[in-house]
Amino acid sequence: MAALGDQSEAPPPPPDQQAMASQNKPISNIVIIIAMQTEALPIVNRFQLTEEPNSPFPQGVPWVRYRGTYKNLNLSLIWPGKDPVLGVDSVGTISSALVTYAAIQTLQPDLIINAGTAGGFKAKGASIGDVFIVSDCAFHDRRIPIPVFDLYGVGLRKAFEAPNLVKELNLKVAKLSTGDSLDMSPQDESSIIANDATLKDMEGAAIAYVAELLKVPAVFVKAVTDIIDGDKPTAEEFLQNLAAVTAKLDLAVEKVINFINGKSIAEL
């Protein structure tokens with residue numbers, strides 16, 4: 001008991017103890033980050049999320065928040081919205097990094113889920129409609145040929161490991177390479193091979209960077225829309241398969257959310 005007149009409070013627990021406590025408490029607040037409206041709406045409908053009329057984000061940005069509760073979880077789905085000038089989905093690393101930062105700062109999630117579509121390599125075992133959990137993220141178009149800066153450019157980092165989730169849902173695991181182009185230049189291809197990636201997208205490594213910086217675990221769920229080393233043009237195959245593969249992504253995200261419900265970060 002403090003002496004009379006002593007208004008001081010007990011010091012907070014050390015950071016290691018705080019981190020351990022957060023790892024063991026049940027997950028209650030999840031942010032799902034999705035780049036495209038086509039990918040987002042099936043998940044919005046499945047979990048009966050509603051668009052937040054009073055955006056928590058800065059005035060003028062096109063970012064959209066859908067929110068709701070599902071079982072014991074508070075869910076927020078963040079979509080970067082449409083480009084204000086061109087009216088297309090705000091895809092790519094810049095938008096995804098910005099919304100990830102803003103969502104973490106504003107909503108303080110226990111866990112981030114980045115769900116989306118990706119290209120896959122047939123030579124690495126990917127097929128149209130396959131759903132993967134990502135083990136590692138890296139960039140393939142940040143070429144800085146100076147010692148150490150080259151490693152920074154690649155930005156290789158581990159995704160949050162969720163071995164129990166992977167085992168229970170029998171999901172494939174693969175490495176992801178991220179860049180800001182849908183197509184693949186010869187230089188990109190060399191970097192992707194060096195990254196040992198099975199999957200190629202336009203957001204994942206940027207989200208992983210921000211999540212690691214702000215110390216929020218992030219799980220990546222990716223469904224394959226196009227075969228990069230196949231014989232069809234990437235853009236054509238992507239658009240042809242987008243609706244069907246998005247339906248598979250939606251089901252996979254539902255299974256992931258159901259598995260997470262009632263569990264702590266340490267139990268994933």
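**Group meeting: a buried leucine, a buried lysine and a hairpin**

Let me begin with Leu 107, which counts as buried because its relative accessibility is 13%, and the cut-off for that word is under 20%. Please keep in mind throughout that what we have on the screen is a predicted model.

Leu 107 belongs to helix H3, which covers residues 93-107. If we set aside residues up to four places away in sequence, Leu 107 touches Asn 29, Val 31, Arg 65, Ser 76 and Ile 78. There is also a distance to mention here, since the C-alpha atoms of Leu 107 and Ile 30 are separated by 9.0 Å, while the two residues are 77 residues apart along the chain.

Staying with the strands in this part of the chain, let me turn to S2, S3 and S4. Strand S2, residues 50-51, is joined to strand S3, residues 64-70, by 2 bridges, and the two run antiparallel; within this pairing, Thr 50 stands opposite Arg 67 in S3. S3 is in turn joined to S4 by 7 bridges, again in an antiparallel arrangement, and here Thr 69 has Asn 74 in S4 as its bridge partner. The hairpin made by S3 and S4 has 2 residues between the strands, and in that hairpin Lys 71 takes a positive phi near 55°.

After S4, which spans 73-79, a loop leads to H3, and Leu 86 is placed in that loop. Is Leu 86 buried or exposed? Leu 86 is exposed, because its relative accessible area is 68%, and exposed requires over 50%. Together with Val 85 and Val 88, Leu 86 makes a nonpolar surface patch of about 350 Å².

My last residue is Lys 222, which lies in strand S10, residues 218-227. With a relative accessibility of 1%, Lys 222 counts as buried, so we may ask which side chains make polar contacts with the side chain of Lys 222. One is the side chain of Asn 114, joined to that of Lys 222 by a polar contact of 2.9 Å, and another is the side chain of Asp 201, where the polar contact with the Lys 222 side chain is also listed at 2.9 Å. Leaving out residues up to four places away in sequence, the residues that Lys 222 touches include Gly 116, Thr 117, Ala 118, Asp 130, Val 131 and Phe 132, as well as Val 134, Leu 176 and Leu 199.

Notes:
Residues numbered from 1 in each chain as written. Predicted model: local features only at pLDDT ≥ 70, side-chain atom pairs only at ≥ 80, totals over all residues. Heavy atoms only, no water. Helix = DSSP H or I, 4+ residues; strand = E, 2+ residues; numbered from the N terminus. Buried < 20%, exposed > 50% of the residue type's maximum accessible area, 1.4 Å probe, protein only. Polar contact = N/O pair within 3.5 Å; in protein donor to acceptor, adjacent residues only side chain to side chain. Contact = heavy atoms within 4.5 Å. Patch = residues over 30% accessible without salt bridge, like charges linked within 9 Å, V, L, I, M, F, W, Y side chains within 5 Å. Areas by Shrake-Rupley, 256 points an atom, 1.4 Å probe, with all protein chains shown as cover. Salt bridge = Lys/Arg side-chain N within 4 Å of Asp/Glu carboxyl O. Pairing = 2+ DSSP bridges.
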